[in-house]
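Visitor: I should be grateful for a close look at a single part of this protein, namely its largest pocket. How much space lies in it, and which residues line it?

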Amino acid sequence: MASRRDFLHHGLRLTALGLVATPLTGAGAAERNTRTASNPAAAPDAPSIDIAPPPDLFDAQVVDLDFWVKPRTLSVIRPASGERAKVLYWKDGEVIDSAYQELCHMLRDVNGKASMAIDPKLLETLWASQAFVERYGLDKPLEILSGYRTPASNKHLIEQGVPAARQSLHMSGKAADIRIAGLTEEVLGGLVRSFRQGGVGFYYRGGPKGGWIHADTGLNRTWKG
């Protein structure tokens, strides 16, 4: 079982590699203090030579059973509407119906002003991704760029040249486009893929907001868009 110390050490390596956009809490200072103590002549910002990522880098298969049986609280934000919610939706092995309905609303089609039942398997992947990185000290809300889409909204995106499949799983409540501030697309996408719950699309974009990850509960597959 991986310890908290192991997670922090892996987090330091991620920061050095540039896979995490911002230093994890306390990690930067800890690494600098370690280098200074071992080599007082080293510059404070000298790069670590031990930057090879571990083979189980952000791999969901390394978590223990306690991770999956604890209560599940999902913290989400919809940039398109400015809404935020922190919802305890699963406890003691059961989905809390009122909380589930709230999350379905949060993942609604903001433009089409319509909602539908979201696949609980998708919610599990979204929660697990957020809960997993919290173990590294990165406590950020999950940004939902797109959840459910009406057929009309999906068609409109295609007509605008936005990447959208004609038979998109967004239209059946089985897909979401997501971001977590502080994580690169490579790290977040790799984490989502490690849950082995469906498809993962890597959408790399420049600019301050960066790209996003498409997660769905369809066939296990990956692609870059």
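Guide: In this predicted model, the largest pocket holds about 610 Å³ of space. Its lining is made up of 30 residues, and those closest to the centre of the pocket are S146, R149, L157, V162 and D177. Several elements contribute to this lining: β4 (142-146), α6 (151-159), β7 and β8 each supply at least two residues. By character, the lining of the largest pocket comprises 13 nonpolar, 10 polar and 7 charged residues.

The second largest pocket may be described in the same order. Its volume is about 210 Å³. There are 17 lining residues here, with R179, I180, G182, L183 and K209 closest to the centre. Two or more residues of this lining come from each of β5 (175-180), α7 (185-194) and β7. The most is given by β5, with 3 residues. The lining of the second largest pocket divides into 9 nonpolar, 4 polar and 4 charged residues.

The strands β7 (212-216) and β8 (221-224), both named above for the largest pocket, are linked by a loop in which T217 is found. T217 counts as buried because its relative accessibility is 12%, below the cut-off of 20%. The side chain of T217 forms a polar contact of 2.8 Å with the side chain of D119. Leaving aside residues up to four places away in sequence, T217 touches D119, K121, L122, K174, Q197 and G198.

Terms used. Residues are numbered from 1 along each chain as its sequence is written. This is a predicted model: local features need pLDDT of at least 70, side-chain atom pairs count only at pLDDT 80 or more; totals for chains, interfaces and linings use all residues. Side-chain values use heavy atoms; hydrogens and water are left out. Helices (H or I, at least four residues) and strands (E, at least two) are DSSP runs, numbered from the N terminus. Buried means under 20% relative accessible area, exposed over 50%, partly exposed in between (1.4 Å probe, protein chains only). A polar contact is a pair of N or O atoms within 3.5 Å; within protein, one must be able to donate a hydrogen and the other to accept it, and residues adjacent in sequence count only if both atoms are side-chain atoms. Contact means heavy atoms within 4.5 Å. On a 1 Å grid over the protein atoms alone, a cavity is a set of points where a 1.4 Å probe fits but cannot get out, and a pocket is an open set with protein on both sides within 12 Å along at least five of seven lines; lining residues have an atom within 4 Å of a point. Grid points are joined across faces, edges and corners, and a volume is the space filled by probe spheres set on the points. Ala, Val, Leu, Ile, Met, Phe, Trp, Tyr, Cys and Pro count as nonpolar, Asp, Glu, Lys and Arg as charged, and the others, Gly among them, as polar.
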